Amino acid sequence: MTIHLQKLLDTIDISADWIGLREVDERTTVRFIRDGHPQTNARVKTHGVMVEVLIDGQFGYVGTNDLSVDGIRKASVQAHHQAKLAAKYAIHSFTDAARSKAVGEYKSSYKSNFDNASPGLLNNLMVKASD
């Protein structure tokens, strides 16, 4: 699913000094072997958006896995509310200079690509390694 963050940002209708959206799409495979026997074979996928809002020098943050326009709007309203509450107890005041544009992607370095290996093959390899 492709998310168009700029389009989503344009639908947010709250008064703020700065609004940021950060998409997180992470896939992890977990496998455990104990005493030569598989304990866990699991794949985990997380996909969501973090909404940051700067109001009156304070940031509010809300993460959501509801990637619809309505879900992002609700998260932005919650973040707005958090920032407003935090402003009452501010120790330091922030500006939008605290958040520069950042776009990136991370993929871990690896020597072998296990994406196409079967769980059985990987379990056998792990059993041998644990022995």
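**Strand 3 and its aromatic surroundings**

Strand 3 is mostly covered, with 5 of its 7 residues buried. Here buried means under 20% relative accessible area, exposed means over 50%, and partly exposed lies in between (1.4 Å probe, protein chains only). Strands (E, at least two residues) and helices (H or I, at least four) are DSSP runs, numbered from the N terminus. The model is predicted: local features need pLDDT of at least 70, side-chain atom pairs count only at pLDDT 80 or more, and totals for chains, interfaces and linings use all residues. Residues are numbered from 1 along each chain as its sequence is written, and side-chain values use heavy atoms, with hydrogens and water left out.

Strand 3 pairs with strand 2 in the antiparallel sense over 7 bridges; two strands pair if DSSP finds at least two bridges between them. The hairpin that they form has 2 residues between the strands, and within this hairpin Asp-56 takes a positive phi near 50°. Most residues other than glycine have a negative phi. Asp-56 is partly exposed, because its relative accessible area is 47%. A second positive phi in a residue other than glycine, near 55°, is that of Asp-35, which is found in the loop between strand 1 (18-34) and strand 2 (37-55). Asp-35 counts as exposed, since its relative accessibility is 70%.

Across the paired strands, Glu-52 stands opposite Tyr-61 in strand 3. Glu-52 itself lies in strand 2 and, at 5% relative accessibility, counts as buried. Its side chain makes a polar contact with the side chain of Arg-22 (3.4 Å). A polar contact is a pair of N or O atoms within 3.5 Å; within protein, one must be able to donate a hydrogen and the other to accept it, and residues adjacent in sequence count only if both atoms are side-chain atoms. Leaving aside neighbours within four places in sequence, the residues in contact with Glu-52 (heavy atoms within 4.5 Å) include Trp-18, Tyr-61 and Arg-99.

The aromatic residues come next. A pair of aromatic rings is described by the distance of the centres and the angle of the planes. Rings of Phe, Tyr and Trp (its six-membered ring) pair if their centres lie within 6.5 Å; planes under 30 degrees apart count as stacked, over 60 as edge-to-face and the rest as tilted. By this rule the count comes to 3 aromatic pairs. The rings of Phe-59 and Tyr-61 are stacked, because their centres are 6.0 Å apart and their planes stand at 25°. Phe-59 forms a tilted pair with Phe-94, at 5.6 Å centre to centre and 55° between the planes. This pair links distant parts of the chain, 35 residues apart: Phe-59 belongs to strand 3 (residues 58-64), whereas Phe-94 is in the loop between helix 2 (69-87) and helix 3 (119-130).

Ring pairs link Phe-59, Tyr-61 and Phe-94 with Trp-18 into a cluster. Within this cluster, Phe-59 counts as buried, at 12% relative accessibility. Tyr-61 is partly exposed, with a relative accessible area of 35%, and Phe-94 is partly exposed with 36%. The ring of Phe-59 also has the charged end of Arg-99 over it, 4.5 Å from its centre. A charge sits over a ring if NZ of Lys or CZ of Arg is within 6 Å of the ring centre and within 35 degrees of the ring normal.
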